[in-house]
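Work through the exercises below with the sequence and the model open. Try each task before you read its solution.

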Amino acid sequence: MVTNRLLILDDEAAIGTLVATVARKVGYEAEATTDFGSFREAFDRIEPTHVVLDLQLPDTDGVEVLSYLTARGANVRVLLMSGFDARVLDMVGQVARDRGFDVIATCRKPLRVPELRDILRRNAHEQPLALEPEALDQALDEGQIFVNFQPQCRLSDGVIVGFEALARWRHPDLDLIAPDKFIPLAERSGRIARLTHYVFDQATDAAVRFAACSPNCGVAVNVSPLDLSDPHLADKFAQVCRDKGVAPDKVTLEMTESAAMSDPVSAKEALVRLRLKGFRLSLDDFGTGYSSLVLLRQMPLSELKIDRSFVTDCTTSHDSEAIMEAVVAMAHALGLSVVAEGVETQEVLGRLAQADADLAQGYLMSRPVGLDEACRMLTGSGQMAQIS
Ligand code: C2E
Ligand code: CA
Ligand code: CA
């Protein structure tokens with residue numbers, strides 16, 4: 001069993017005590033220190049797995065502590081907190097990530113206990129998953145991998161215009177495994193192409209059923225950067241669509257910026273061929289990569305998906321709101337449609353409609369659901385009550 005050991009550095013003793021108490025309640029061993037000297041002493045003694053760091057201290061600051069941790073070769077998860085404005089906090093978060101730390105959260109003071117508890121609970125080290133790449137072959141052979149569908153709704157009238165296909169793995173011993181865990185495993189072990197084609201097959205089967213309920217309903221499939229190195233990708237996808245009578249323009253392929261960056265020449269060819277075959281291309285997680293603007297000009301895109309982080313914060317952070325609005329305006333000027341993902345509140349939805357985004361996707365409308373449930377949504381009013 002992995003023990004989670006948390007070390008806190010905050011000159012306000014009361015806050016250190018509060019964090020330690022919350023951490024112990026969710027199963028951590030925890031110790032609080034109030035100055036850099038005692039922090040270093042405790043660090044050697046308990047060898048923490050997690051560090052909670054106040055950025056402003058009388059004898060040092062958060063960046064100096066991070067460089068100390070780097071010098072120590074510390075492999076710790078870091079939670080940063082400060083009363084300073086969000087931008088400074090985000091900036092120090094970037095510094096920590098650039099130094100290779102896993103930053104689990106950046107929290108503005110005053111801390112909210114339920115939020116802190118959730119963060120700590122979520123980021124405790126779990127028992128390492130005993131997942132062998134070979135298990136993926138078996139999972140695909142035996143149908144342990146399945147696909148859920150999350151609706152995408154038009155903001156102007158709430159009509160469902162498509163579903164994103166999202167892979168799930170129901171492992172016989174480990175229960176449900178999230179794609180964030182098994183997609184990287186598939187990518188590392190040379191199995192991603194098989195998985196992509198499996199999901200594409202399920203998604204195009206679903207598209208046939210969706211079209212029977214609502215002729216214009218589309219489906220979106222996530223494509224890994226590695227898939228784009230297959231020179232026959234576009235032909236394979238087009239063949240599947242021909243066999244099933246699915247119009248390629250009802251299929252959107254979602255990829256992140258890293259997809260186009262991985263091997264620019266072959267990726268560019270793959271992308272343009274997919275477009276020539278009639279597929280729609282969507283740039284996923286937009287705003288989290290580095291080369292967005294150059295890529296926007298180069299990639300034959302149909303759509304941008306604004307990353308969840310900007311969407312979630314657009315009613316609470318002026319910066320996120322400004323970025324969200326600017327992305328919508330820029331995408332429209334380039335003739336692209338805009339999907340906002342991660343819509344969880346009515347307030348965010350209203351803000352997106354004001355900013356003139358085209359489509360919304362998120363837990364507010366629906367979590368990803370099985371195919372039958374997705375079809376029921378379409379045959380109902382085909383409209384999500386939250387929007388209309
Ligand atoms: P993604 O493509 O950005 O997919 C959206 C993720 O956000 C999904 O998580 C979805 O369940 C979640 N989500 C949707 N609405 C909300 C919301 O309102 N709030 C919050 N907090 N989350 C929301 P999921 O299904 O766990 O997928 C995670 C990632 O795994 C996906 O991110 C995608 O990158 C990858 N993935 C999933 N299926 C596939 C696949 O078939 N192929 C590939 N290559 N990647 C996949
Ligand atoms: Ca996606
Ligand atoms: Ca995304």
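The exercises cover domains, metal sites, a ligand, cysteines and a core residue.

This is a predicted model: local features need pLDDT of at least 70, side-chain atom pairs count only at pLDDT 80 or more, and totals for chains, interfaces and linings use all residues. Residues are numbered from 1 along each chain as its sequence is written, chains are lettered from A and ligands numbered from 1 in the order in which they are written, and side-chain values use heavy atoms, with hydrogens and water left out.

**Exercise 1. Domains**

Give the domain bounds, then the separation of the centres of domain 1 and domain 2.

Solution. Start with the bounds, which come from an automatic or database domain assignment. Domain 1 runs over 5-122 and domain 2 over 133-379. Next, take the centres over C-alpha atoms: they lie 35 Å apart.

**Exercise 2. The calcium ion (ligand 2)**

Find the protein donors of this ion and place them along the chain.

Solution. First, collect the donors (N, O and S atoms within 2.8 Å of the metal, or 3.2 Å for Na, K and Ca; water is not among the atoms, so sites may look incomplete). They are E164 (OE), N222 (OD1), E254 (OE) and D284 (OD), at 2.1 to 2.4 Å. Second, read the spacing: E-x57-N-x31-E-x29-D. Third, locate two of the donors. E164 sits in strand β7 (residues 160-171) and E254 in strand β10 (residues 251-255), 90 residues apart. Strands here are DSSP runs of E, at least two residues; helices are runs of H or I, at least four; both are numbered from the N terminus. Last, check burial (buried is under 20% relative accessible area, exposed over 50%, partly exposed in between; 1.4 Å probe, protein chains only). E164 is buried at 4%, and E254 is buried at 1%.

**Exercise 3. The calcium ion (ligand 3)**

Which residue coordinates both this ion and the calcium ion (ligand 2)?

Solution. List the protein donors of ligand 3: D284 (OD), D285 (OD), and E341 (OE) twice, at 2.1 to 2.7 Å. Their spacing is D-D-x55-E. D284 is the bridge, and the two ions are 4.1 Å apart. Now place the other two donor residues. D285 lies in strand β11 (residues 280-286) and E341 in strand β13 (residues 337-341), so the pair ties together parts 56 residues apart in sequence. D285 is partly exposed at 25%. E341 is buried at 11%.

**Exercise 4. Ligand 1**

How many residues surround ligand 1, and which are the closest?

Solution. Count residues with a heavy atom within 4 Å. There are 21; the closest are Q150, R168, R308, E344 and Y363. Then inspect polar contacts to oxygen atoms of the ligand (N or O pairs within 3.5 Å; within protein, one atom must be able to donate a hydrogen and the other to accept it, and residues adjacent in sequence count only if both atoms are side-chain atoms). The side chain of R308 reaches 2.7 Å. A backbone N or O atom of Y363 is at 2.8 Å. A polar side-chain atom of D284 is at 3.0 Å.

**Exercise 5. Cysteines**

How many disulfides are there?

Solution. Apply the rule: two cysteine sulfur atoms within 2.5 Å. The count is 0. For C213, the nearest cysteine sulfur is that of C375, 4.9 Å away. For C241, it is that of C217, 14 Å away.

**Exercise 6. F39**

Is F39 buried or exposed, and what does F39 touch?

Solution. F39 belongs to helix α2 (residues 36-46). F39 is buried, at 0%. Contacts (heavy atoms within 4.5 Å) include L7, I8, V51 and Y68, not counting residues up to four places away in sequence.
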